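User: I should like to work through the model shown below, one question at a time. Please let each answer lead up to the value or name requested.

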Amino acid sequence: MNMSVFFRFLLKRSSAPLQGKVEVSHFKISDRFLMTSPTQRAKEAVDALKGNPYLEKYAKKIAALQKTSPEELLSRLEAFEKERAKSDIGSKEKKRDFSTPAPAKSGHASGLTKPKLLSEVMKTDLLHDKTTNEIKKIWEEYHKIKDVIAATIPADIYDKIYNRSLDYPTFLLPLPRSEGYEFIVCQFASNEIHFTPLISYQAHKENAPECMTITHFTDLKESNQIVLMKGEFNKDILNVTEAQCLANQIQLYYGQDDEKRLKIMDQFTNKPLEFKHMDLIARLESLSL
């Protein structure tokens, strides 16, 4: 997230938490602000932003808020500082650079895969007397201690994802990296979704190694109206936040009826000359505003 987003945050803070990592080197709320009036503290906080290239763009609106409601401006500044502090904790993880081409998978890839069953990963007989909510809790609690992502998906949402994957079996998703975005290819095969960095896919095509595989277990779809999802990822390429980012985008593109996203998917599949990579990034960044 860039500094432009930071200033828009000051002027109109959303009720949803900020997404992604926020890095603000020009801004720091000092303890000395606590000993002065709200008006003076707000003034000092704004003064701390001077020299930032985005200040001029939003200066009039910030000045108006500083004059009419310094308490509100200060509250927003302090709230942003708390979010930045949380981001700093997350940023202590190894920063991910762009992927390099990985070796091709051994053997020959097959276009058909046998659907995986829930019985392969857990004892399904233990679920027979459980309610849908109990199954959800068991599934999510079981995977909390593992290096995977997991979720329960309503049957109707899964049906939409599956049916749309028949029209768009391959797609491209942007993934934020330490400097810019990396593109990840996703491919649907039966009840699985395979993800691989674009650079590896370009080098090895169908033999490119996955950085993540999401499996949808449909065993309980009819009886409980849910599908259990599990995502296993290569920790050398993705961390859990990045894996969840990709999974969330699958739901946004394949599980929702968003006109702009559907247009991008159609362009990618049927009108490649009209497809623009920056449209993918714009849709992702719009989630944070």
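User: Which residue of β6 is the bridge partner of Ala150?

Analyst: This is a predicted model, in which local features need pLDDT of at least 70 and side-chain atom pairs count only at pLDDT 80 or more, while totals for chains, interfaces and linings use all residues. Residues are numbered from 1 along each chain as its sequence is written, and side-chain values use heavy atoms, with hydrogens and water left out. β1 and β6 pair in the antiparallel sense over seven bridges, where pairing requires that DSSP finds at least two bridges between two strands. In β6, the partner of Ala150 is Lys230.

User: Which are the edge strands of the open sheet?

Analyst: The protein chain comprises 11 helices and six strands; these are DSSP runs numbered from the N terminus, with helices (H or I) of at least four residues and strands (E) of at least two. The open sheet of six strands has antiparallel pairing and the order β1-β6-β5-β4-β3-β2. Two strands pair on one side only, and these edge strands are β1 (148-154) and β2 (170-176).

User: Which residue of β5 is the bridge partner of Glu192?

Analyst: β5 pairs with β6 in the antiparallel sense over six bridges, and there Thr213 is matched with Glu232 of β6. β5 (residues 212-217) also pairs with β4 (residues 192-197), again antiparallel, over four bridges. In that second pairing, the partner of Glu192 is Thr215.

User: Is β6 largely enclosed by the rest of the structure, or largely exposed?

Analyst: Buried residues, meaning those under 20% relative accessible area (exposed is over 50%, partly exposed in between, with a 1.4 Å probe and protein chains only), make up 40% of the 289 residues in the protein chain. In β6, seven of the eight residues are buried, so this strand is largely enclosed.

User: At about what angle to β1 does helix α6 run?

Analyst: Axes are lines fitted to C-alpha atoms, for helices over the stretch in contact, and angles run from 0 to 180 degrees between N-to-C directions. α6 (residues 155-167) lies across β1, β3 (181-189), β5 and β6 (226-233). Its angle to β1 is about 105°.

User: How many charged residues are in the contact of α9 with α10?

Analyst: The axes of α9 (residues 240-254) and α10 come within 8 Å and cross at roughly 95°. The two helices are therefore roughly perpendicular, a class that spans 65 to 115 degrees, with under 35 roughly parallel, over 145 roughly antiparallel and the rest oblique. Their contact (heavy atoms within 4.5 Å) joins Leu252, Tyr253 and Tyr254 of α9 to Arg261, Leu262, Ile264 and Met265 of α10. With Ala, Val, Leu, Ile, Met, Phe, Trp, Tyr, Cys and Pro as nonpolar, Asp, Glu, Lys and Arg as charged, and the others, Gly among them, as polar, the division is six nonpolar, no polar and, for charged, one.

User: How many charged residues are in the contact of α10 with α11?

Analyst: The axes of α10 (residues 259-270) and α11 (residues 277-285) come within 11 Å and cross at roughly 155°, and the helices are therefore roughly antiparallel. Lys260, Arg261, Ile264 and Gln267 of α10 meet Asp279, Leu280 and Arg283 of α11. These residues divide into two nonpolar, one polar and, for charged, four.

User: What is the relative accessible area of Ser190?

Analyst: Ser190 is found in the loop between β3 and β4. Its phi is positive, about 60°, although Ser190 is not a glycine. Most residues other than glycine have a negative phi. Ser190 is partly exposed, with a relative accessible area of 33%.
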